[in-house]
Amino acid sequence: MTKAAPSALPVALLGAGGHGRSLLGAVQDLAWPLRGCIAPERPAPDLWPHALCPWLGDDAALAALDPASLRLLNAMGAVGPTGLRRRV
């Protein structure tokens, strides 16, 4: 696998479920700097590596982040109907 150019800006994951864990691994493999994750609730310590990717807060925490200082990575997967997600 060819490594992508490193991201100059830290990455914030939007989501902290199974898809988020997969993308967290990819971000680490690419050696991109990581700010943390945004999720509706603090992920359970046994399911999320908080030392590597701290929880930054819920969706309201996005307002406190400077969009020019980081990259957002959509880490929201889906189980079940996705109609609402498609409309968003």
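What percentage of the 88 residues of the protein chain count as buried? In this predicted model, the share is 30%. The protein chain exposes about 5,800 Å². Carbon and sulfur atoms supply 60% of that area.

The secondary structure comprises 2 helices and 4 strands. Along the sequence, these elements follow the pattern β-α-β-β-β-α. Contacts were also examined by separation in sequence. Among contacts with a separation of 6 or more, 58% join residues 24 or more positions apart.

The 4 strands form an open sheet. Their order in the sheet is 3-2-1-4, and the pairing is parallel. Strand 3 (55-57) and strand 4 (71-74) stand at the edges. Each has a single partner strand, so one side of each is left without a neighbour in the sheet. From one strand to the next, the twist averages 35°.

The pairing at one edge can be followed in detail. Strand 2, residues 34-38, pairs with strand 3 in the parallel sense. The pairing runs over 2 bridges. C37 has W55 of strand 3 as its bridge partner.

C37 also enters the search for disulfides. A disulfide is a covalent bond between the sulfur atoms of two cysteines. The search covered the whole structure and found 0 disulfides. C37 is in no disulfide, and its nearest cysteine sulfur, that of C53, is 4.6 Å away. C53 is likewise in no disulfide; its nearest cysteine sulfur is that of C37. A pair of cysteine sulfur atoms counts as a disulfide within 2.5 Å. The sulfur of C53 lies 4.6 Å from that of C37, so this pair does not meet the 2.5 Å cut-off.

Both cysteines were also assessed for burial. The relative accessible area of C37 is 0%, so C37 is buried. C53 also counts as buried, because its relative accessibility is 0%.

The loop between strand 2 and strand 3 contains H50. Is H50 buried or exposed? H50 counts as buried, at 17% relative accessibility. The cut-off explains this result: buried means under 20% relative accessible area, and H50 has 17%.

Which residues does H50 contact, leaving aside its neighbours within four places in sequence? The contacts are R42, P43, A44, P45 and W55. One of these, W55, is also the bridge partner of C37. W55 thus appears twice in this account: in the bridge with C37 and in the contacts of H50.

Key
Residues numbered from 1 in each chain as written. Predicted model: local features only at pLDDT ≥ 70, side-chain atom pairs only at ≥ 80, totals over all residues. Heavy atoms only, no water. Pairing = 2+ DSSP bridges. Axes fitted to C-alpha atoms, helices over the stretch in contact; angles between N-to-C directions. Buried < 20%, exposed > 50% of the residue type's maximum accessible area, 1.4 Å probe, protein only. Contact = heavy atoms within 4.5 Å. Areas by Shrake-Rupley, 256 points an atom, 1.4 Å probe, with all protein chains shown as cover.
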